[in-house]
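Colleague: Could you show me how to read helix packing and nonpolar cores in a model?

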Amino acid sequence: MKKNFHHNLIVLGAGLTGMVLALRLAEENIKVCLVEKRKSNTKNLDRRTTAVSKGSSIILKKIGVWSEIEKNAQKIERILVSEGISDQNLEFDPKSENYDSMGYIIDNGIFKRALEKLIKKNSNILVESNCDVENLDLPSRINRNRVILKTKEKALSCDLLLAADGRFSKTRFHAEVKYFYHDYRQSAYVFNIRHEKSHQSTALERFFPTGPLAILPMKSSKNKQSSVVWTVENSHGDLLKLSPKQFLDKFNKRYDNFFGEIQHISDPIKFNLNIFSCYEFHNNKIVLVGDACQAIHPIAGQGFNLGVRDADILAKSLSEAKGLGLEIENELVLRNYSRKRVTDKFLLIQATHNLNKLFSINSRTIGFIRNVGLNLFNRSRFLKKHSMLYAMGVNNFEI
């Protein structure tokens, strides 16, 4: 017979967003159970990096993790955007608005270890490890007020479930939330390079008809290492089937020795690209957070930052409800959270989706229009300022 455990609040998913959410709730003095699929003390083998906006770093300071990772965070002091290999760059310089950086690039392994360390020490967070949720019983089905999570060994119930279980969220399906899905028919190849010259804290974004290329500065000796997200249409074949030399040759045609000759390249990891965008953010006493609610194209490196803002506003909303004596699962409380998040989510989802579509059109006429548009954008201080502040996460789009 399965053991039953009840919690007022459960966060399902202990990835970066789930851990940030648990700590943000704990900071508001809200007790939470963090449910993770992995066994405790499992080695973290994540070799990727995460782009953290300036606004997200402020939220990470609130929960006490920024001081743990700041020394390993590489500042992005400048971003250069171009169509293909072009000298006509659209430049974003945060110093023009009195900021020292647009954001940061952080090694995922370092980031996760810092979050785990804080969670272990936090008395408001109980961690349930090795919990692979097989099924959910929802209040609308069982005529009760609780959500019940079932694993092989136990059943966990809660008054409100916050699902941060990622892009392919099972909870989204169980919660019966409708969403928009689109397969981009593109793959992202993620790897690191060591190059001849210093990156000088510069990020590069190049748009090609076959997909965008992002080169992001990493913290390293003499600043000679960068993280790469190279997006390629699937019609061009699986690049992992190429020999290392063939892969490097193809990449070099787009990289064009921007930071000098490549001295080392790590083994690339491939991810199929798609979008999941939910039409509603909560249902059946389940709130979807981060990639479980909106998993977007990596074209602007904003997916994690959108999830961090979800976590911050949700924690504030639940804390306000608690202060007013309302139940955290109250429908008005959840609607208030959704109202606060709808504009920010809509703008960023549409921007990344349409930007990818626009630059994927291989046409001389459209290419000419794009170049004219980039030049006009570059000359407009107003457009550059507000798009940069939004990308930095310091503009507020709450209603």
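Modeller: Let's take the helix pair, then the cores, then one residue. This is a predicted model, where local features need pLDDT of at least 70, side-chain atom pairs count only at pLDDT 80 or more, and totals for chains, interfaces and linings use all residues. Numbering runs from 1 along each chain as its sequence is written, and side-chain values use heavy atoms, leaving out hydrogens and water.

Colleague: At roughly what angle do the axes of H8 and H9 cross?

Modeller: Axes are lines fitted to C-alpha atoms, for helices over the stretch in contact, with angles from 0 to 180 degrees between N-to-C directions. The axes of H8 (residues 303–323) and H9 (residues 331–360) cross at roughly 160 degrees and come within 9 Å. H8 is therefore roughly antiparallel to H9 (over 145 degrees).

Colleague: Which residues of H8 and H9 meet?

Modeller: Contact means heavy atoms within 4.5 Å. Leu306, Arg309 and Ile313 are among those in H8, and they face a set in H9 including Val333, Tyr337 and Leu348. By class, this contact has 8 nonpolar, 2 polar and 7 charged residues.

Colleague: And the cores?

Modeller: In soluble globular proteins, nonpolar side chains tend to be buried together. A nonpolar core joins buried Ala, Val, Leu, Ile, Met, Phe, Trp, Tyr and Cys residues through side-chain atoms within 4.5 Å; buried means under 20% relative accessible area. Here the largest has 46 residues, with Leu9 and Leu318 among those with the most contacts inside it. A second, separate core of 28 residues includes Tyr184 and Val229.

Colleague: Is Asn305 buried or exposed?

Modeller: Asn305, in helix H8, is buried, with a relative accessible area of 1%. Leaving aside neighbours within four places in sequence, Asn305 contacts Ala51, Val52, Ser53 and Ser56.

Notes. Helices (H or I, at least four residues) and strands (E, at least two) are DSSP runs, numbered from the N terminus. Angles under 35 degrees count as roughly parallel, over 145 as roughly antiparallel, 65 to 115 as roughly perpendicular and the rest as oblique. Ala, Val, Leu, Ile, Met, Phe, Trp, Tyr, Cys and Pro count as nonpolar, Asp, Glu, Lys and Arg as charged, and the others, Gly among them, as polar. Buried means under 20% relative accessible area, exposed over 50%, partly exposed in between (1.4 Å probe, protein chains only).
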